[in-house]
Amino acid sequence: MSALANLKKICSEHLGGRYRIKVIDLLKNPKLARDHEILALPTLVRQLPPPVRKIIGDLSNTERVLVGLDIRVAK
Amino acid sequence: MLKSKSIPRKSIDRARHGRSPRRGLPKAATGIQGLDEVTGGGLPRGRPTLVCGDAGCGKTVLAMEFLVRGAQEYGEPGVFMSFEETADELALNVASMGFDLNALAAEKRLLVEHIRVVRSEIEETGEYDLDGLFIRLGFAIDSIGAKRVVLDTLEALYGGFSNTSILRSELRRLFDWLKERRVTAIVTAERGEGRLTRHGLEEYVSDCVIFLDHRVVHQLTARRLRVVKYRGSAHGTDEYPFLIREDGVSVIPITSLNLTRNASSEVISTGVPTLNKILGAGGYYRSSTILISGAAGTGKSILAAHFVAEVARRGERSLYVALEESQSEICRNMKSVDIHLAPLMVQGTLGFLESRPIAHGLEVQLASIHQKVTEFRPRVVVLDSITTLLSMGSPLEVMSLIVRLADFTKMNGIALVLTTLVESGASDTTNVNISSLVDVWLALSNLEHDGVRVRTLSIVKARGMGHSNRAHALVISKRGAEIRNDAPASKKP
């Protein structure tokens, strides 16, 4: 759950209102794990804008999340 | 966000302290020729087995055959999780062995899932686990009711994730999870420097470890299989030659553990009436292995050809594996002693398999004989001569080939005639130690008598029948071979 809290915080601080978060429980929808090629949990999938990006872990490293989402350029 | 809460982590302790594995360890037959003999019945049922070796050693093929045979012959559906090749690539690669993965998949007896692991596509921020993999595997198993699972090769995960401490604990959890699911699993891994696998997967698998080796000796490829460990079970500890053939994998036990065959008491004439007389039963038994040894020019091939011609007269087929001379040379030479082979070929009762020993490795040689026998369905196979095989491998390797071939012919009710060249004077030794394997052993030699070279024949052994213990004269004339009662040598004081 810390990943979701971290994500909400990052989004509200850096994206204003321009985001939508959908939480999927793979135990209820196991087929989606295959469709989205998920191995690690939790995984954050950025579907828009393309290309699709995947960030795994509890999202505690804000800097790397921002780089992974292409919000900030890596130094 | 994709997430999941609870995959139990601690419930494994129960499984670990369960029944003793030593008492009647249940096994899952692989259906792979020879492997079930070497392992005394198959892999540990409901537990993971590690198969390791270099790239190209045959891990993937062996693992896939385990699933295909499981689905086809034992009614156990299987899941193949491929971390390297895609499902299409795998299907194409094994199609040459007659495995139709798409058909099995359509019948829900096999499920192949490709798992892409690309580090550049994964950003890691903080703690994670591999529950996604567990969920996918569990979903795949449940969707077809799989009893068998292959993970090929799990170590690809090390290429995708940088946090090795998380990986290590997740892999341990994966192996425990596989045991809890009671699936019979094969996990493959690449060989490491100075240890079995590159990332030490052998630490997690305590039940069964199989090592495949692939080396080139005298420019010829040799594959080997070794059961490194099999807890709670007896197993063959040797290195066994291992072939990848056109119809799958074949492991060649040096001594077959399974010798249940029906001994035939049907007798077939040797084609030489006077030879029949000194063999107590009046000929060879139907599915016996016959060794004819002798120096050059003692008449080994002639005795083999007489038998072939006799079998053809009965309307049955023979296969002549010619390793020394060509088919036309053999036909010409036999014609000079009144044995006419060429018409038998036209008739369809004689087939030749010519093979230049230098051209192929021993495993290819065995495979081609095996295949020809399966196609041509002969009742007699002649291998002339086994001495030639020694240029392709060590005596031990040649012996293992012959043991396997003799097992195969016996089980199929085929008589096997082997000729072997020996130094003159050493009539009852063979350069390949197969004497315990053969049922009938005819030793031929040349004796010098009053300035004349005389051929002799003696029966070193003939299982299941009384036989002459004397050295007999073997006369070869324009009418063929004939045995005379006494050899000149026996008259010597």
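Buried means under 20% relative accessible area, exposed over 50% and partly exposed in between, with a 1.4 Å probe and protein chains only. These legends describe a predicted model, in which local features need pLDDT of at least 70, side-chain atom pairs count only at pLDDT 80 or more, and totals for chains, interfaces and linings use all residues. Residues are numbered from 1 along each chain as its sequence is written, chains are lettered from A in the order in which they are written, and side-chain values use heavy atoms, without hydrogens and water.

**View 1. B:Ser269 in the loop between β14 and α9 of chain B.** The flanking elements are β14 (267–268) and α9 (273–278), taken from DSSP runs (helices H or I, at least four residues; strands E, at least two) and numbered from the N terminus. B:Ser269 has a relative accessible area of 18% and is therefore buried.

**View 2. Residues around B:Ser269.** The side chain of B:Ser269 reaches the backbone nitrogen of B:Gly271 at 2.9 Å. B:Asn276 offers its side chain for a polar contact with that of B:Ser269, at 2.9 Å (a pair of N or O atoms within 3.5 Å; within protein, one must be able to donate a hydrogen and the other to accept it, and residues adjacent in sequence count only if both atoms are side-chain atoms). Leaving out residues up to four places away in sequence, B:Ser269 touches B:Asn276, B:Gly282, B:Gly283, B:Phe307 and B:Glu310 (heavy atoms within 4.5 Å).

**View 3. Packing of α13(B) against α14(B).** Helices α13 (residues 362–376) and α14 (residues 395–411) of chain B pack at about 15°, their axes 10 Å apart. Among the residues making the contact are B:Leu366 and B:Ile369 of α13(B) and B:Leu401 and B:Leu405 of α14(B).

Notes:
Axes fitted to C-alpha atoms, helices over the stretch in contact; angles between N-to-C directions.
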